[in-house]
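Work through the exercises below with the model open, and try each task before you read its solution.

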Amino acid sequence: MSTLWLVATPIGNLGDLAPRAVEVLSSVGLVCCEDTRRTGKLLQHAGIRAERLAVCNEHTEYERIDDVLAVLASGRDVAVVSDAGTPGISDPGERLVGAAIEAGHTVSAVPGPAAATMAVTISGFPSGRYVYEGFLPRKGRDRATRLAEIAAERRTIVLYEAPHRIERTLADLTEACGPERGVAVSRELTKLHEETVRASLGTIDVGDPRGEYVIVLAPVEDQPIDASDDTVRSLLREAIDSGASTKDAATQVSDGTGRRRREVYQLAVDLGQFPADGTPDDAGTLST
Ligand code: SAM
């Protein structure tokens, strides 16, 4: 039985390449990578002579599946690496994993660096429960919905961001979550200029945006938050789009935001996109 290996590589410090990663990359019949030049340099640094490299990036991952399955079927193992960090985490990998599992192959990993995990653990916020949000949708309703969910989230939240969008994203998070929400912004993790700034959204200053960023947000506190009507409407639409009744959506959003059930129910009814399935009084549970 052949194995598809997801091999984590350094996010900045070459010393973080695990000995087992070297072992696996040296032994497989094919290494799938986002950029052959970049991975070539890493392999050279580690003294690895890979048998064969193939490009597998966000555009080509799907097309690479047949190749990978053919190598696995021939009895050789295949490794997947990304430019940095853990494959499959905001990087290619997920589709190959699905295809290999479906074809009956073993899937395993050489675990290692991931910017999200490192940032959560050094943030100072609760790390027992956290949600990985990756990159926010760039714009439109998808972004607004995601921001509204984050505003009501009771677990620590981790986001990735590029330097040219960090200020915009922090401004949007401030609008959605309020200026008091705690935030830790880490950049250049494991590199020479590694830095983590811990502040509130209203006071954070990331300076001259440079390098790669991870944003870690504190969870919303247990007391009711002051979610705006727009935030409540976004959450209601999302709950209803996922199949909840008006009443259930109102209950969920009220619980998530701390806004009064009766008010939330009224906003749900006012949305006017769907029929009300009862009145606050009929619903019985909609007491304030
Ligand atoms: N698979 C990678 C991982 O495991 O972390 C993430 C790949 S994603 C395409 C790239 C994003 O990860 C960057 O835009 C940044 O948000 C974050 N990132 C990667 N390396 C980082 C570092 N050294 N310091 C801070 N953030 C980093």
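**Exercise 1: polar contacts of the ligand**

In this predicted model, a nitrogen atom of the ligand lies 2.8 Å from a polar backbone atom of isoleucine 89. Task: find which side chains place a polar atom by a nitrogen atom of the ligand, and give the distances.

Solution. Begin with aspartate 91, where an N or O atom of the side chain is 2.8 Å from a ligand nitrogen atom. Then turn to glutamate 212, which has a polar side-chain atom 3.5 Å from a nitrogen atom of the ligand. As a last step, consider cover: on its own the ligand has 570 Å² of accessible area, and the protein covers 91% of it.

**Exercise 2: the shell around the ligand**

Task: state how many residues surround the ligand, and sort them by class.

Solution. The ligand is surrounded by 18 residues, and the closest are Thr86, Ile89, Asp91, Tyr160 and Tyr213. Sorted by class, the shell holds 10 nonpolar, three polar and five charged residues.

**Exercise 3: where the shell comes from**

Task: identify which domains and strands supply the shell.

Solution. Start with the domains, since domain 1 (3-113) and domain 2 (116-217) each contribute at least three residues to the shell. Next come the strands, where β7 (156-161) and β10 (213-217) each supply at least two shell residues. Finally, the space that the ligand takes up is the largest pocket.

Conventions:
Residues numbered from 1 in each chain as written. Predicted model: local features only at pLDDT ≥ 70, side-chain atom pairs only at ≥ 80, totals over all residues. Heavy atoms only, no water. Near = heavy atom within 4 Å. Polar contact = N/O pair within 3.5 Å; in protein donor to acceptor, adjacent residues only side chain to side chain. Areas by Shrake-Rupley, 256 points an atom, 1.4 Å probe, with all protein chains shown as cover. 1 Å grid on protein atoms, 1.4 Å probe; cavity = no way out; pocket = protein on both sides within 12 Å on 5 of 7 lines; lining within 4 Å. Sits in = over half its atoms within 2 Å of the grid points. Helix = DSSP H or I, 4+ residues; strand = E, 2+ residues; numbered from the N terminus. Nonpolar A, V, L, I, M, F, W, Y, C, P; charged D, E, K, R; others polar. Domains from an automatic or database assignment.
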